Amino acid sequence: MRYLPLSTDDRSAMMARVGVDHIDRLFADIPHDKLLDHVLPLPLAKGELEVERLLAKMAARNVPASSVPFFVGAGAYKHHVPATVDHLIQRSEFLTSYTPYQPEIAQGTLHYLFEFQTQVAALTGMDVANASMYDGSTATGEAVLMAHRITKRNKAVLSGGLHPHYGDVVRTLSHMAKADVVTMTPDLHAKENLIAAIDDTVSCVVVQSPDVFGTLRDLKPIADACHAKGALLIAVFTEVVSLGLVASPGEQGADIVVGEGQSIGNGLMFGGPYVGLFATKTQYIRNMPGRLCGETVDAEGKRGFVLTLSTREQHIRREKATSNICTNSGLCTLAFTIHMTLLGEKGLRALADVNHANAVALADQLAALPHVEVINEQFFNEIAIRIKGDATKLVDRLAHHGIMAGVPAARLFPHQGLDDVLIIANTEINTADDRAALVAALKEVM
Amino acid sequence: MLNRQGRPTTPQSGASDTHETFTGNKALQQIEPLIFEIGSTDQTGVDIDPPAAYRKRLGTFERKAAMGLPGLSEPETMRHYVRLSQKNYGIDSGLFPLGSCTMKHNPRLNEKMARLPGFADVHPLQPQSTVQGALELMDTLAHWLVTLTGMDAVAMSPKAGAHGELCGLMAIKAAIAARGEADTRKVVLVPDSAHGTNPATAALIHFDVRSVPVREDGTVDPKVVAALAGPDTAAIMLTNPNTCGLFEKDVVAIAEAVHKAGGYFYADGANFNAIVGKARPGDLGVDAMHINLHKTFSTPHGGGGPGSGPVVLSERLAPFAPVPFIRKTEEGLQLVEDDAEATKHGAHPFGRMTAFHGQMGMYVRALSYMLSHGADGLKQASEDAVLNANYIRVGLADLMSLPFGNKPCMHEVLFDDAWLKETGISTLDFAKAMIDEGYHPMTVYFPLVVHGAMLIEPTESESRASLDLFIATLRDLAMAAKRGDTARFTGAPYHAPLRRLDETRAARSPVLKWTPPQPILEAAE
Ligand SMILES: Cc1ncc(COP(=O)(O)O)c(C=O)c1O
């Protein structure tokens with residue numbers, strides 16, 4: 001077996017040194033009747049070529065985003081990632097290192113985590129960011145628990161524009177942790193009255209902008225209403241590129257900002273691994289979940305970085321920790337940091353501008369179609385349309401024609417009267433030809 | 001000695017390795033600034049054409065204020081991150097004996113497979129008919145996991161080990177609620193030797209943690225468990241093989257004690273690498289167990305993640321598994337994503353762990369690893385991992401102290417610091433001296449039940465020659481420590497990119513991001 005360096009002779013010699021005549025002597029603590037005496041019924045070892053063939057066959061049964069006009073978003077977005085990113089994250093010293101618990105030989109990781117935290121704080125307009133969560137949805141769940149710790153209250157209000165998977169994660173966690181959740185009904189037109197739901201038992205309000213239907217939300221009045229009642233505003237985003245063109249949640253008064261960082265540096269990967277971003281105000285640092293990287297000096301006074309404030313974390317605090325998270329999104333944060341460094345503010349603004357322009361162009365084209373209503377007035381790179389008929393069937397039909405038209409709202413909100421709504425994402429990857437193909441196909445099938 | 005160019009090969013006076021260079025660099029070790037110190041906000045490493053003029057639809061929300069995000073050109077970016085990488089130690093750099101973490105070889109075939117566009121470039125919400133191969137991959141991996149563990153079902157979506165623990169305990173909580181005992185069964189038993197994530201997970205969803213003391217021999221006593229378990233008990237969380245590197249020999253009796261009290265057996269599967277193909281958790285009475293694909297099944301740790309923590313479940317807990325899950329139908333594989341659909345098929349999901357379907361990128365790597373090894377190779381890998389750990393044990397047992405005696409261990413061997421007594425050298429000092437010798441230290445100060453713990457896990461990826469050199473090195477260090485060569489330890493590391501870092505200072509006044517240097521104000525006259 002190519003991954004195992006010990007030869008049969010090595011094994012015999014080593015067993016002799018250890019003082020056992022059979023390998024199973026080392027497994028003697030396993031109850032005798034539980035020790036397997038046969039090889040389990042699974043395929044036997046294969047060479048690299050055979051494994052490649054098998055997996056390539058499975059891969060070939062999927063339709064990759066880049067092979068068709070592609071408009072699927074709703075929480076994960078197809079963007080162009082520069083070749084440099086994938087090369088760098090495969091450097092052995094990054095790829096095969098562990099969590100930087102020995103900082104003297106992990107400055108590479110710690111240095112980029114410090115850059116990552118600074119970038120995320122700047123993007124979100126917040127004071128501090130942590131070294132990542134699993135993804136945007138689990139970051140949202142943790143943000144709600146954090147708000148409960150800070151306010152010593154127990155009730156979260158979730159906007160009807162929040163991605164329903166994020167809502168489900170919050171509801172599951174809250175239900176298990178005996179916390180209350182008020183969920184507003186799906187809010188296609190961004191008309192909900194969140195402010196009316198805030199009273200002095202509410203710990204936090206969770207609002208996504210752009211919301212799951214693509215509409216930009218005004219966070220400022222909600223933040224003010226929260227603060228007037230001693231509650232916190234948790235601002236969520238699923239498309240981090242929007243922050244290149246849209247006022248930051250920090251500017252709008254958010255107390256905790258969480259979101260999905262996948263769009264920068266990370267591919268679609270059928271849903272993971274992604275990278276959860278988590279930022280807040282300085283006064284709440286000690287209530288934050290997750291790892292934090294901080295600056296310090298070494299014994300000779302040289303600048304260096306370490307993991308810090310770990311008295312919040314499970315390995316020190318055990319059942320009193322702010323979270324149970326340990327392994328986070330390490331390498332995905334590196335991909336994010338490198339891509340962000342390549343972009344810089346200038347590149348990010350340019351990228352966001354192209355995304356928005358493409359979405360505006362498509363919205364205009366769709367609005368001109370007879371049986372299509374474009375829902376959004378203000379949006380970034382994603383829009384929702386109402387069509388005549390069933391959006392799921394439409395999407396399936398267009399997939400047959402080689403066009404991925406978007407996400408039927410009913411896939412995210414089943415049985416909630418949104419069967420005729422389609423959510424359509426546009427990024428820099430969508431060309432004018434892609435849009436023309438989508439519009440033509442819609443005309444044909446409707 | 002002179003080399004062929006007539007230059008001396010041994011250090012001469014005046015050319016010691018301590019002389020300062022002009023740049024502060026030492027050859028390959030370069031002092032590297034932060035991007036904020038070298039980049040600028042009008043520099044960029046991408047070429048993006050501005051769109052033709054158009055009317056924005058941002059309402060009043062356009063971002064006007066400067067963000068302060070610097071960019072770098074592509075060559076500068078490349079050099080910056082390559083230089084940073086050179087300050088890191090990885091498995092590919094050398095032996096990485098970090099106990100509990102299973103730092104085994106990360107095959108590059110796995111990386112190549114995970115990047116096939118059919119896996120890497122598919123969206124989680126594409127029509128299911130266009131991702132049948134991705135679902136097949138998940139289903140195949142699930143089959144391997146339940147077969148290797150002898151369990152009934154697997155919840156694939158948890159994102160890492162701790163997330164898997166959360167998933168398992170949530171399933172247990174749901175099962176208890178379904179029995180109508182939600183108000184009475186609130187206690188989770190956790191041995192003192194457990195990883196911090198175990199009690200933290202239990203507390204996160206409002207279980208009360210009751211510690212189980214570990215007995216003299218480093219394992220859990222079923223009589224103690226029986227005494228602590230009762231009608232208030234929801235579950236035990238037991239790591240097996242445990243964090244002392246020992247197999248819980250009374251695991252069956254422990255499972256029985258907990259089951260008899262009406263509770264469930266959650267197993268922390270972080271150490272599964274010792275027993276793959278040798279024993280099945282399902283045969284030992286386990287109800288739920290997470291598997292760290294990033295440990296046992298070789299997906300890279302990536303400097304702290306991402307991981308993947310599928311949870312295998314017993315028949316009793318399987319119906320409560322979260323959405324999404326995969327179902328076989330006439331037309332192919334179906335991903336069941338919501339409660340209503342799940343209920344139709346007789347399931348009672350407790351909820352959802354994460355957006356979408358979990359860590360596909362890790363699933364591909366793990367399956368690539370499994371297919372490569374096969375059932376036979378996986379068993380061999382576990383045997384080699386255990387043999388390697390025992391080889392280190394016998395190689396060091398006369399110099400370093402074993403808290404539970406010199407007897408066989410599983411895939412990791414645990415030493416304590418009793419042998420360092422009166423040397424003035426701590427476990428941490430010893431670890432830092434290993435850095436100078438070119439090794440990543442072992443896990444230190446964990447588990448907490450042992451004073452000054454040093455937990456060594458070599459994995460099956462090490463050759464005998466590599467182990468021999470490692471043992472010789474640790475022997476040399478141990479003898480130096482006993483000889484009183486204290487400075488070699490207390491000042492270590494001497495040869496790493498940085499000397500020992502001041503962690504106290506970092507925590508006292510935290511600096512968690514870069515801020516522009518403040519201009520020095522002229523003192524007012
Ligand atoms: C024994 C044990 N349990 C649980 C965990 C948590 O796993 P993860 O870091 O993947 O969340 C770890 C590893 O960190 C561990 O060693």
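Q: How do strand S2 and S3 of chain A pair, and over how many bridges?

A: This is a predicted model, and a pair of strands is read by its sense and its bridges. Strand S2 (residues 155–158) of chain A pairs with S3(A) in the parallel sense, over 4 bridges. To find one of these links in the picture, start at A:Ala156, whose bridge partner in S3(A) is A:Val181.

Q: Which order do the strands of that sheet in chain A have?

A: Read a sheet from one side to the other, strand by strand. In chain A the order is S1-S7-S6-S5-S4-S2-S3, an open sheet of 7 strands with mixed pairing. Strand S1 (128–129) and strand S3 (180–183) of chain A stand at the edges with a single partner strand each, so one side of each has no neighbour in the sheet.

Q: Which strands does helix H8 of chain A lie across?

A: Helix H8 (residues 220–228) lies across strand S4 (202–208) and strand S5 (232–237) of chain A, and runs at about 150 degrees to S5(A). The loop between S4 and H8 of chain A holds A:Pro210. A cis peptide bond joins this proline to A:Ser209, with omega about -10 degrees.

Q: Why would a reader pause at a cis peptide bond or a positive phi?

A: Because most peptide bonds are trans, and most residues other than glycine have a negative phi. In chain B, a cis peptide bond joins B:Val323 and B:Pro324, with omega about 0 degrees. B:Pro324 sits in the loop between S7 and strand S8 (325–329) of chain B. For phi, look at B:Phe356, where the value is positive, near 65 degrees. This residue belongs to the loop between helix H10 (339–344) and helix H11 (360–396) of chain B.

Q: What is the strand order of the sheet in chain B, and which strands stand at the edges?

A: Chain B has an open sheet of 7 strands with mixed pairing, in the order S1-S7-S6-S5-S4-S2-S3. At its edges are strand S1 (153–155) and strand S3 (208–212) of chain B; each has a single partner strand, so one side of each is left without a neighbour in the sheet. On average, neighbouring strands here are turned by 25 degrees against each other, direction ignored. Further in, strand S5 (residues 264–268) and strand S6 (residues 288–290) of chain B pair in the parallel sense over 3 bridges. One place to look is B:Ala267, with B:Met289 as its bridge partner in S6(B).

Q: Which helices should I look for on the sheet of chain B?

A: Try two of them. Helix H5 (residues 132–149) of chain B packs on the sheet and touches S1, S6 and strand S7 (311–313), its direction making about 125 degrees with that of S1(B). Helix H6 (residues 161–178) of chain B lies across S1, strand S4 (233–239), S5, S6 and S7, running at about 175 degrees to S5(B).

Q: Where does the ligand lie, and which residues come nearest?

A: Begin with the chains, then move to the residues. The ligand lies between chains A and B. Of the 15 residues around the ligand, A:Thr327, B:Ser100, B:Asp268, B:His294 and B:Lys295 come nearest. H6(B) gives the most to this shell, with 3 residues. The shell divides into 5 nonpolar, 7 polar and 3 charged residues.

Q: Which polar atoms lie by the oxygen atoms of the ligand, and how much of the ligand does the protein cover?

A: An N or O atom in the side chain of A:Thr327 is 2.6 Å from an oxygen atom of the ligand. From chain B, a polar backbone atom of B:Ala162 is 2.7 Å from a ligand oxygen atom, and a polar side-chain atom of B:Lys295 lies 3.0 Å from a ligand oxygen atom. The protein covers 99% of the 390 Å² of accessible area that the ligand has on its own.

Terms used
Residues numbered from 1 in each chain as written. Chains lettered and ligands numbered in written order. Predicted model: local features only at pLDDT ≥ 70, side-chain atom pairs only at ≥ 80, totals over all residues. Heavy atoms only, no water. Pairing = 2+ DSSP bridges. Helix = DSSP H or I, 4+ residues; strand = E, 2+ residues; numbered from the N terminus. Axes fitted to C-alpha atoms, helices over the stretch in contact; angles between N-to-C directions. Contact = heavy atoms within 4.5 Å. Near = heavy atom within 4 Å. Polar contact = N/O pair within 3.5 Å; in protein donor to acceptor, adjacent residues only side chain to side chain. Areas by Shrake-Rupley, 256 points an atom, 1.4 Å probe, with all protein chains shown as cover. Nonpolar A, V, L, I, M, F, W, Y, C, P; charged D, E, K, R; others polar.
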